[in-house]
Amino acid sequence: MQSYMRWMYYSNDFYHLEESYLSPYKIDLDLVQPSPFNPAPFKVKFMCIYNKIMKSPKFKSLFVYTFGESENLNVRFKLVDHITPRSGSTLEPNGITIGSSSSNPLTGEITGYNSIIEINKNNMDVSSLSIARTIIHESLHAYLTVKQYTCSGTSFDALKDKDLGELLTLYHSTACSAQSDHEFMFDHMIPTISEVLEDIKDDLVPLAHQTAAEQDFVFVDENNPNGAKVPWNWNQFFKYFSMRGLHNGDAFQFEMLPTTSDKHRNYQSYGNIGQNGFSKDCN
């Protein structure tokens, strides 16, 4: 695979050179890179986690496959002090800002797209795996924003305030409706996020924390709620943890309601452990 770009980050008194891979959009990391003169801990943590994500074959290949190489897509990451959550969400205090875009007026095809993915640096005091999920989540949001526009001509102004769950619904209910919202999310989005999280689990979750999760927590058996509790299941964890931030979408509502269900309680338990129960460090 061809090399696409390079960046450097500062950690533990050394500059580390990492390499990205061919991608149809340019990832600008200039605003999140620490330096010897400003080794901000939140920047060091962000870059360390981003590097771990880049080890995932699924993450590296995802955007080549979905975006193609014909579109001029540019994404810049930025760590900020405050973000107004989209659509009143308190779960996802991050966001994506569309800076500029261009399209063919005859076909509606995207010819250029520039956006900024903003991560609230004051909300990085959670597990590294949780921050990784946020980065993946916001990258998928950028993808769906472009695809929704390509399919329907919907203005970016109408899309930028949608969270990922709402955008999934809008994407398949008003434009590209080859699949239902439910099918699309659970056939593509959830497996994609889950696979990337599985790829990077051992890099971001210490073995001791993995063992503790497997030994210390039990859950309701969704197939037999009145039976014995069942132990930790990593596949179930990846699925439920990947669903965080999709709660405003029709697919999530269809899958997880009512909120008093055993399934929803398991979803909440896995999510809380994934966000607060694993290591905050990234080495």
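Helix α7 covers residues 234–242, and its buried residues are W234, F237, F238, Y240, F241 and S242. In this predicted model, the N-terminal end of α7 is capped by N233, which places a side-chain oxygen 3.0 Å from the backbone nitrogen of N235.

Several residues of this helix also belong to an aromatic cluster. Its members are F217, F219, W232, W234, F237, F238, Y240, F241, Y267, Y270 and F278. Across the structure there are 19 aromatic pairs. In one of them, the ring centres of W232 and F278 lie 6.0 Å apart with their planes at 75°; the pair therefore counts as edge-to-face, a label that calls for an angle over 60 degrees. W232 sits in the loop between β8 (230–231) and α7, while F278 is found in the segment after α9, so this pair ties together parts that are 46 residues apart in sequence. Both of these residues, W232 and F278, are buried.

A further pair is made by Y240 and Y270, with 6.1 Å from centre to centre and 50° between the planes, a tilted arrangement. Here too distant parts of the chain are linked: Y240 belongs to helix α7 and Y270 to helix α9, 30 residues apart. Y240 and Y270 are each buried.

Turning to helix α1, the picture is again one of burial. Of its 13 residues, 11 are buried, so the helix is largely enclosed by the rest of the structure. The buried residues are K43, V44, K45, F46, M47, C48, I49, Y50, N51, K52 and I53. The length of α1 can be checked as well: at 1.5 Å a residue, its 13 residues should span 18 Å, and the end C-alpha atoms are indeed 18 Å apart, in agreement.

One residue of α1 takes part in the one disulfide of the structure. This link joins C48 and C282, whose sulfur atoms are 2.1 Å apart. C48 lies in α1 (residues 41–53) and C282 in the segment after α9 (262–276), so the disulfide ties together parts that are 234 residues apart in sequence. The link is left-handed, with -80° about the S-S bond. Both cysteines, C48 and C282, are buried.

Finally, a word on confidence. The average pLDDT of the protein is 75, and 70% of the residues score at least 70. Over residues 1–25 the pLDDT stays under 50, and the model gives this stretch 73 contacts beyond four places in sequence. Residues 87–92 also have a pLDDT below 50, with 16 contacts in the model beyond near neighbours in sequence.

Conventions: Residues are numbered from 1 along each chain as its sequence is written. This is a predicted model: local features need pLDDT of at least 70, side-chain atom pairs count only at pLDDT 80 or more; totals for chains, interfaces and linings use all residues. Side-chain values use heavy atoms; hydrogens and water are left out. A disulfide is a pair of cysteine sulfur atoms within 2.5 Å. Helices (H or I, at least four residues) and strands (E, at least two) are DSSP runs, numbered from the N terminus. Buried means under 20% relative accessible area, exposed over 50%, partly exposed in between (1.4 Å probe, protein chains only). pLDDT is the predictor's confidence in each residue, from 0 to 100. Contact means heavy atoms within 4.5 Å. The expected span of a helix is 1.5 Å times one less than its number of residues. A polar contact is a pair of N or O atoms within 3.5 Å; within protein, one must be able to donate a hydrogen and the other to accept it, and residues adjacent in sequence count only if both atoms are side-chain atoms. Rings of Phe, Tyr and Trp (its six-membered ring) pair if their centres lie within 6.5 Å; planes under 30 degrees apart count as stacked, over 60 as edge-to-face and the rest as tilted.
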